Amino acid sequence: MWNEFESPQSVQDALVILEKHGGNARVMGGGTDLLMQLKSKRQTVECLVSTGKIASMKEIRLEGEKLVIGGAACAMQVQKDPLVRQYVPMLAQACAKLGAPQIRNAATLAGNVVTAKPAADSAVALTASDAVLEILGPTPRSIPLIDAYAGLMQSAVDSTKEMVVAIEIPLPTGRYGSHFARIASRRAAALPILNAAAALCLDDDGNITKSRVVVGGVGPSPQRLYTLEDMLQGQRGTIDLIEQVCGASPDHVHPRDSIRSSAAARKGLLPGLLKKCLLSSFEMATKKEG
Amino acid sequence: MKRYISKNQKRSDALSKVTGEATYTHDIVVPGMLFAKVLRSPHAHARIRKLDVSKAAALPGVKAVATWENTPRKLFNSTGMMAFLYPGAKPAMDEYIFDQMVRHVGDEVAAVAATSEEIAAEAIRLIEVEYEPLPALLDPLDALEEDAILIHGDIQDNNIASGTHTIRQGDFEKGWAECDVTYEARVKLPIQKQAQLETHAAVAEYRNGELTVWSPTQSVHGTKYILAHIFDMSAGNIRVMNPPYVGGAFGVRVGFGGKAEGIVSCLSMLSGYPVKLVLTREEDFTVSDTRHSGYVDIKLGAKADGRFHAFGMNAYLNTGAYGTHGIEVAACLGNMATSTYRVPNIFFEGASIYTNIVPAGAFRGFGNPQAVFAVETAVDALAKKLDIDPVELRLKNRIRVNDEWPLSYPCSSTALDECIKQAAAKIGWSEKRGRAGQGRFRRGVGLGAGTHFCGYDELAHVSLELETDGSLSVFTGNSEIGTGHITSLQQITAESFGCEIEQVNIKYGDTRGTPYDVGCHSTRSVFAIGNAISMAAGELKEQVLQYAAGAMGCSAEALSIESGRVRGGPEEMDLGQLARDGHIHKTHFSAEGKSKEAVTVTPWEAHAAEVEVDTLTGMVKVLKVVAAHDVGVAINPQLVEGQIEGGVVIGIGYATREEMSINEKGEVYNSSYHTYMLPTFADTPEIEPVIVESYEPRGPYGAKGVGECGLVPTAAAIAAAVEDATGVRFLEIPLTPQRVLDGLQAACVTCQAEKEGGTIDVE
Amino acid sequence: MGEQYVLKVNGKEYALRTGGGQMLADVLRDELHLIGTKKGCCQGECGACTVILDGKAVNSCMIPVAKAVGADILTIEGLQTEDGLHPLQKAFIEEGAVQCGFCTPGMIMSAKALLDEEANPTSAQIQEALSGNICRCTGYVKIEKAVQKASEELRKEG
């Protein structure tokens, strides 16, 4: 599956190794998805470049108006981090549902995004938090999460050449609440039938100044429901409004039938799931002071 | 007061298992060992037109390639059923190690033995096969059609494995016409997978005319017989061993497991080296025996006072590509369906039917869970129609000791009434029944009851030997597959003989040096082996006391064995000293325990479940299961509880989440622990095991068994609870969110129709 | 690869030389003959191969061995000391939490990782911490009791 395994201690060293192998090396975070892929496709890479020893990539810190999560931070770390819990609680909730504890102790958040599973719980929460991937390599760039998927199971990040060194999340301002929820066949180690993340910002008068509604399991990547967000924008935040908006949600998604659930069932489940996310976000936001 | 009976003796293998020392087949390393991989069919049904292994054989490191061309052409049945089957039935002899036909996706085509797993895997990819795909059957009802393709057309002219099991009592047609209320329905059961933690594996070494096989088989003697048959070898030159531990079984390997034993034996013979095969988890999921899925049609009728009067059942089980346990499971289904309640008029016909999917075989319960799901659905439906409480209706109709029933053995003990009452009381039946309300979350309680059998007309044979140090060795051909019954047998031995339990060593899981035993399955081991042990221990004790009496010049009647010493005479004798004296001067001390007649006894169980149904998502959350079991006497209550609890969780999986999905090409979707939804630690509800004792006069110290019983009525109880919660009786499991949502939506129509009058059978 | 490297397992250092592509579970079992760590799926899904790596429970079947170089690895064999069995091992025996035993080492290691971090776990915390360890025999009931019992013992020991 791999011939060489490198554990560079800096981002620079990692990039040098990638360049040296000219496309035959691969960045590896926890390896929980990557190694399975290599195994099942019977592929061999010349070199695995592990981010596990790059100290700076393991940090979770505040930088000005941003929460910066290092590309090598594992899901368990993100789940438990006090800054994440304070500023982006839906992300902590999403990470807590990734697989099982042993997987969370190895899998990185960045890796989870790059694997590009259509309903990756963390990707759904990150999309709802306006997260941006900081990518270093031949073409350094920042891309918002919503653009991280290039297609079904395809990432916009080319892990043979570049790496996600950090995920940056703008700190929410004002009265903010967020929530992540999922429906799955069992309480651990199960891909979701449907998952969603929502975030709301209220001004002092209780009007919605910003909203995010993101759903996974209804498309090849997490879907932002812009129409629903428009319905919420500028309105006075009330439970009735939220219920109305959620009730309209099935018309704005186009899921397929899959073995885990039919398209019709997913549409049927969506309002309830979104209600949970939006009502919880609303509750959290109203409790906060301006 | 017994010293060792009804005691929570700690398992004798627990220390080994918690320290990591315990050895399983996966851990066996034999010097010079090669590694095997198997080439499997991508087609559900095909003829092999061309098979070219030359490139594979030429790969450096490859020592043997086995195909149908260089392996024995001897039909067999890969389960121990070949070696033991109830009278009158014939085993399906329909498997070759490799054949020119492939009959399910994953069927074995060839195998390679090489110096490493990687080389073996690469060699497999170099084998060139030309298939001629044939039409494939996936549903057993299709396989019964007149023009259906024959899956074993070379040996028979229909698609039924072994035959049809029939039961007749009284006159069903007449009885049905005499009923005051009736109910009929078809239930549909899914494919459930054992998913035991240790995948199938085997190591074989053929040397000096002897074949030695290490395997996690549940039946070392059964496996030995199958190998002797296939290779035309004298059975005495074959040794089959558990190493000694088995990483779970649940019926998946009563005999071969995934044919591993046969494959490695071929490769060892071909290569001249020992060979090891370990199935991947994907292989274990997709090619090894499953639980029988299928359809069960039930008709149950009663008189106005609630007495059951007529029972009719047809069972169409999907046995997959090979018969394995097929006829036995169909028979067990019928036998169990007709032996819980008194019914004068009975009709049953059931068969296991070939299709081109992964074979179904033995899985804990063995047709009984399927039977009970159908029967209890009908019982609850009649309770509703008669307006009699479901608990009362069961108590009224349950079988009592020596009641007439269609089975060949009598009911010799039952405390099912106590089980039902305790299960109902402890779930809070009267407080919780009929209180679902109209909200989004609805709660309900339900009950299911059933029986089983501890072995079926089986015999047991053990030998006991007093060692020169005074310890007692018990030799049994049985296996320890995880239930802990070996410890219970130690308890029985120590109690029967009168020694300290630390002085008892049970030697098991090895055909060499143990008498023939059919193995650990059928809920038989404590009952049958326990009986044989207490018989042998009694005889051995007699030998010892006679010898001691002679040595001390006193009467044997005055003597007894306590704590490893002979007491009651002019002096006390240490057993070790006695053994050594005897060995030098007079006699050896050993005894056989051989059953004088085949005996079957019946354990009983009732499960009560409380569920909460989220009518918005279709999620069925099991809140609590009370599992009350009549085990005769619990030799080791903690072990009995462990069996009940483990069974209940598998039963919850069967009821709510577990099913193997097979697509139109015959490919199995669920090939891993993340795609097969068995319960994880986070999914377990409250489980309350209740041991009820009825004292079985023909069991060792009154014991019967419990192994399979833990999941027999669970699905029925849960479906009943879901009906109490939602008003909808589901006739198909598992109750996945999808299925429940669909059913609840459909029921909006039927519920309305019911309000308008008329009899509606919920479909 | 053929390179030499050092693995620190159960407090001891082992010099090993191995080819590329090996997972930690294979090296533990095949090179160091520590067979307590079991391979139930080789896909990181069943938890039978759980070991503790720098204090965290991980599936060793999905850890490239090179990734474990420099880390402190604890396997089931490293749990007991000269003083005897670890309270978890004792509790598993006492509470009847062992049946076929194949899941047991991994289960105990996940429980150890939990108790190292949370001395007095609730039922929900135990269930979640062990949710990556599949058991098909016990129904998990007595395993939870064993973990509770061990946590009581450890708190008594102080």
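Where does Thr108(A) lie in chain A? Look in the loop between helix H6 (101-104) and helix H7 (109-115) of that chain. Before going further, keep in mind that this is a predicted model.

**A threonine in a loop of chain A**

Thr108(A) has a relative accessibility of 5%, so it counts as buried, the cut-off being under 20%. Its side chain has a polar atom sitting 2.9 Å from the backbone nitrogen of Gly111(A). Who else is around? If you skip the neighbours within four places in sequence, Thr108(A) is in contact with Gly29(A) and Gly30(A), and also with Gly71(A), Ala72(A), Ala73(A), Cys74(A) and Ala75(A).

**Where chain B meets chain C**

Now over to chain B, starting with its interface with chain C. Here 49 residues of chain B are in contact with 46 residues of chain C. Together the two chains bury about 3800 Å², and carbon and sulfur atoms give 61% of that area. On the chain B side, the residues that lose the most area to chain C are Val18(B), Leu197(B) and Phe681(B), which together make up 24% of what that side buries.

There is plenty to look at in terms of polar groups too. Five salt bridges are found across the interface of chain B and chain C. One of the salt bridges to look up joins the side chains of Asp27(B) and Arg29(C), with 2.7 Å from N to O. As for polar contacts, the count between chain B and chain C is 28 residue pairs, both residues being at pLDDT 80 or more.

Which helices of chain B each supply at least two residues of the side that touches chain C? They are helix H1 (14-19) and helix H17 (637-656). H17(B) gives the largest share of that side, with eight residues. Sorted by class, the side of chain B that touches chain C has 20 nonpolar, 18 polar and 11 charged residues.

**Where chain B meets chain A**

Chain B also touches chain A, through 18 residues of chain B in contact with 17 residues of chain A. The buried area is about 1600 Å², of which 60% comes from carbon and sulfur atoms. His674(B), Met677(B) and Gln738(B) are the chain B residues that lose the most area to chain A, together 28% of what that side buries.

How many salt bridges does the rule find across the interface of chain B and chain A? The answer is zero. There are, however, seven residue pairs in polar contact between chain B and chain A, counted with both residues at pLDDT 80 or more. Strand E25 (619-630) and helix H19 (737-755) of chain B are the elements that give two or more residues to this side. Its classes come out as nine nonpolar, five polar and four charged residues.

**Two helices inside chain B**

Helix H6 of chain B covers residues 220-231, so at 1.5 Å a residue its 12 residues should span 16 Å, and its end C-alpha atoms are indeed 16 Å apart. This helix is mostly covered, with 11 of its 12 residues buried. Among them are Val220(B), Ile226(B), Leu227(B) and Phe231(B). What do the buried residues of H6(B) pack against? Their partners are strand E10 (210-214), strand E11 (238-241) and helix H7 (260-271) of chain B. Right after H6(B) comes Asp232(B), whose phi is positive, near 55 degrees.

Helix H15 of chain B (residues 525-552) has 28 residues and reaches 38 Å from first C-alpha to last, close to the expected 40 Å. Gly553(B) follows H15(B), with a positive phi near 65 degrees.

**Backbone spots to look up**

Chain B also has some backbone angles worth a look.

| Place | Backbone value |
|---|---|
| Pro243(B) to Pro244(B) | cis peptide bond, omega near 10 degrees |
| Ile733(B) to Pro734(B) | cis peptide bond, omega near 5 degrees |
| Ala195(B) | positive phi, near 55 degrees |
| Asn402(B) | positive phi, about 65 degrees |

Pro244(B) lies in the loop between E11 and H7 of chain B, while Pro734(B) is in the loop between helix H18 (714-726) and H19. Ala195(B) belongs to the loop between strand E8 (181-189) and strand E9 (201-207), and Asn402(B) to the loop between helix H11 (390-397) and helix H12 (416-427).

Is each of these last two buried or exposed? Ala195(B) counts as buried, because its relative accessibility is 1%. Asn402(B) is exposed, with a relative accessible area of 59%.

Terms used:
Residues numbered from 1 in each chain as written. Chains lettered and ligands numbered in written order. Predicted model: local features only at pLDDT ≥ 70, side-chain atom pairs only at ≥ 80, totals over all residues. Heavy atoms only, no water. Contact = heavy atoms within 4.5 Å. Buried area = accessible area lost by both parts, 1.4 Å probe. Salt bridge = Lys/Arg side-chain N within 4 Å of Asp/Glu carboxyl O. Polar contact = N/O pair within 3.5 Å; in protein donor to acceptor, adjacent residues only side chain to side chain. Helix = DSSP H or I, 4+ residues; strand = E, 2+ residues; numbered from the N terminus. Nonpolar A, V, L, I, M, F, W, Y, C, P; charged D, E, K, R; others polar. Expected span 1.5 Å × (residues − 1). Buried < 20%, exposed > 50% of the residue type's maximum accessible area, 1.4 Å probe, protein only.
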